[in-house]
Amino acid sequence: MKQEDRELFITLLDQLLEDELETPVLIPKAIDNLNSDFALELGEDAATKEEFVQALSQLILETPRTTTGSFFNQLFGGRNSKATLGELLSVLLNSSMYTYKIGGPMIAIEKEIVKRIINLAGYPEGSYGTFATGGSMTNYMALIMARDKFDSNVRNHGVTQKMIMYTSAESHYSVKKNASFAGLGRDNIRFISTNDKGEMDTAELKNQIQSDKAEGLLPFFINATAGTTVLGSVDPLEQISEISHQEGVWMHIDAAFYGSTLFSEKYKQLVKGIENSDSFSMNAHKMLSTPLTCSLIFTKHKTCLYDSFGTDADYLYQGESDDWNPGKISFQCGRRNDALKFWTLWKSIGRQGIARMVEKEFELAEHARNYVNSNSNYKVYNHRDSLTLCFNYKDVAAEEICSKLTEDGLLMVGYGRFKNEVFVRLPFVNSSNDKSEIDNFFKLFEECADSMG
Ligand SMILES: *Cc1c(COP(=O)(O)O)cnc(C)c1O
C-alpha cells in the first residue's frame, strides 16, 4: 500500500474515532440531498488529491454509526478492537479461502475455530463446519444438505416430490427465501404457531408432520430457532429433537443470534439440546462484536457438506486433500477470510474472555429489564433471559418514537412485532456498552417520548 494511502487511512481512522465519541448518532441526510451534499459523481476525469481526500473524509464521517454505545438498531453492534484488527489484516492479505495453496495457515485457523466450536456444542468427533457470508446463507446451507440427504436425486434432476419443511411463525425470514432458492417452494413451509413467549408449539409440530405424512407428503426438515430475531425466544430444542428422531426429519437450529452463548458456562443452557441437532448456524458478528460478516454452519454429517457443495474443478483444486481445501464444502467460489477476525478475538481473550462478553450482555439486559419492570409507564412483551427487551412506553407509538430518536440524532433503535403488537425492540449485543449508557438510553427515550405529547 502506498505511503500516502497508509497515512490517509490513519488520518481518517483518527477522525472517525474522535467524531464517534463526540457524535454517537448522526442526524440522517435526506436522500434527495445526497448529490448536492456529497461529491458522489464518477466521471472521466480523476479527482484532484484534495477533492478525493475531502470527499472520502466527508463520506466516512456522514455514514450512520453502528459501533457506538448509542446504536441499538439491529442484532449487531460494537467494534471489538482485536476482531477489527484481524479483519483489517485479512483485507491486506486478500486470501481466498478455497484452497490451502492460497489460504495457507489461514485454512488451519478456520479449521481450529470449527473444531473448538464443535467441541463447545457437544457435537461428536467427525462433525464439521465452515464459514459462509451470514446467517441467511448458513441456514440455506443446512436446508440444502437436508434436501440432498433426503433425496440425493435432487442435485441432478431437481425437486420432483412434495417435500415439506417446518419452522415457527417467529423464525427468521431467511427460511422463506431459502425455501424458494432451494426449489422447494415457499408454499411447502409449515409455519408452526408459537406460545405467548414466542416458542414453537411442539404438539402442533408433531401433528402437522403426521398429518402431512398421512396425505403422502414428505416431511424432511425442521428449523428450530435459538434466539428469535424479535423476542429472543428459544424453541423447545429437546422436544423438537425427539420429534425429529421419531419422524426421521433433519433438525437444524438457527442459532444465528444465541449461538455465542455456547462460550458461557452460565448461559449455554439456553441452547441446551443443540448437541441433538443435525446442524446449527451461528453468527459471531452478532453477540461478539466481530465485523460483518462472520457466520458459521456446523453439521454432524460431514459427508453431507461434501455431497451438497463439492464439485470438481481442475483449474482450482490442485494438490492437497479435500480436508485442506474448504472450497469443496463452500457455498461460494472466492471466499473472504472471515476466520482471522474471530481467531484474533478468541486468541486475545480466550474462551473465558468471550464468555465474559456474553455474560455482560445478559447483565445489561437484566439491568434494563429491572428498570422497565419498576416503572409503570412501560409495558414489556418478552420474557426474562432474553437479550432483547421489547416494550412500549405510555401510549407512544413504537414506529414514531423510533423514527424521531434517529431524526433528532439521539439514539438508533428499531421496532418489532409479535402477534398483533408492535413495540420497541432494544437488543443487548454490544458488550462494550455499560450500565450508564443503558440508563442514558431510557433518559433520552423518555425525554423524546414526553416531548411528542
Ligand atoms: C440475524 C439472524 C439471521 C440472519 O443472519 P444474517 O447474517 O443477517 O444473514 C438468521 N436467523 C436469526 C435468528 C437471526 O437473528
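This is a guided tour of a predicted model, with residues to select at each stop.

**Stop 1: the ligand**

Start by selecting the ligand. The number of residues surrounding the ligand is 15, and the closest are Gly135, Ser136, Asp254, Asn283 and Lys286. Show Gly135 and look at its backbone: an N or O atom there lies 2.6 Å from an oxygen atom of the ligand. Next, show the side chain of Thr229, where a polar atom lies 3.2 Å from an oxygen atom of the ligand. Then turn to Asp254. A polar atom of the Asp254 side chain lies 2.6 Å from a nitrogen atom of the ligand. How much of the ligand does the protein bury? Taken alone, the ligand exposes 380 Å², and the protein buries 85% of that.

**Stop 2: a nonpolar patch on the surface**

Select Met1, Phe9, Ile10, Leu13, Leu17, Leu85, Leu88, Leu89 and Leu92, and switch to a surface view. These residues make a nonpolar surface patch of about 820 Å². Which elements give two or more residues to the patch? They are helix H1, residues 3-22, and helix H4, residues 81-93. As a single example, pick Ile10, which lies in helix H1. Ile10 has a relative accessible area of 45%, so it counts as partly exposed.

**Stop 3: just after helix H4**

Select Asn94, in the loop between H4 and helix H5 (100-103). Its phi is near 45°, a positive value in a residue other than glycine. Is Asn94 buried or exposed? Its relative accessibility is 64%, so Asn94 counts as exposed.

**Stop 4: a cis peptide bond**

Select Leu292 and Thr293 and show the backbone. The peptide bond that joins Leu292 and Thr293 is cis, with omega at about -15°. Thr293 belongs to the loop between helix H12 (284-287) and strand S8 (295-299).

**Stop 5: the loop before helix H14**

Select Thr311, found in the loop between helix H13 (302-309) and helix H14 (339-373). Thr311 is exposed because its relative accessible area, 58%, is over 50%. Leaving out residues up to four places away in sequence, Thr311 touches Tyr317 and Lys328. Now add Gly327, which is 16 residues from Thr311 along the chain. The C-alpha atoms of Thr311 and Gly327 are separated by 9.2 Å.

**Stop 6: salt bridges**

Side chains of opposite charge can pair when their charged atoms come close. A search of the whole structure finds 24 salt bridges, and three of the pairs can be visited here.

Select Arg336 and Asp338. They form a salt bridge in which the closest N and O atoms are 3.2 Å apart. What is the relative accessible area of Asp338? It is 5%, under the 20% cut-off, so Asp338 is buried. Arg336, at 44%, is partly exposed.

Move on to Glu366 and Arg384, whose side chains meet in a salt bridge with an N to O distance of 3.6 Å. This pair links distant parts of the chain, 18 residues apart: Glu366 is in helix H14, while Arg384 is in the loop between strand S9 (378-380) and strand S10 (388-393). Glu366 is partly exposed, with a relative accessible area of 28%. Arg384 has a relative accessibility of 55% and therefore counts as exposed.

Now select Lys443 and Glu447, another pair of side chains that meet in a salt bridge, at 3.6 Å from N to O. Where do Lys443 and Glu447 lie? Both are in helix H16, residues 435-452, and they are four residues apart, about one turn of the helix. Lys443 is partly exposed, with a relative accessible area of 46%. Glu447 is also partly exposed, at 45%. To end this stop, select Glu87, Arg336, Asp338 and Lys341, which are joined into one network by salt bridges that share partners.

**Stop 7: the loop between S9 and S10**

Finish with Asp385, in the loop between S9 and S10. What is the phi of Asp385? The angle is near 70°, a positive value in a residue other than glycine. The relative accessible area of Asp385 is 32%, so this residue counts as partly exposed.

Terms used: Residues are numbered from 1 along each chain as its sequence is written. This is a predicted model: local features need pLDDT of at least 70, side-chain atom pairs count only at pLDDT 80 or more; totals for chains, interfaces and linings use all residues. Side-chain values use heavy atoms; hydrogens and water are left out. Patches are made of residues with over 30% relative accessible area and no salt bridge: like charges are joined within 9 Å, nonpolar side chains (Val, Leu, Ile, Met, Phe, Trp, Tyr) within 5 Å. Accessible areas come from the Shrake-Rupley method with a 1.4 Å probe; for residues, only the protein chains shown count as cover. A salt bridge is a side-chain nitrogen of Lys or Arg within 4 Å of a carboxyl oxygen of Asp or Glu. Buried means under 20% relative accessible area, exposed over 50%, partly exposed in between (1.4 Å probe, protein chains only). Contact means heavy atoms within 4.5 Å. A residue is near a molecule or strand if one of its heavy atoms lies within 4 Å of it. A polar contact is a pair of N or O atoms within 3.5 Å; within protein, one must be able to donate a hydrogen and the other to accept it, and residues adjacent in sequence count only if both atoms are side-chain atoms.
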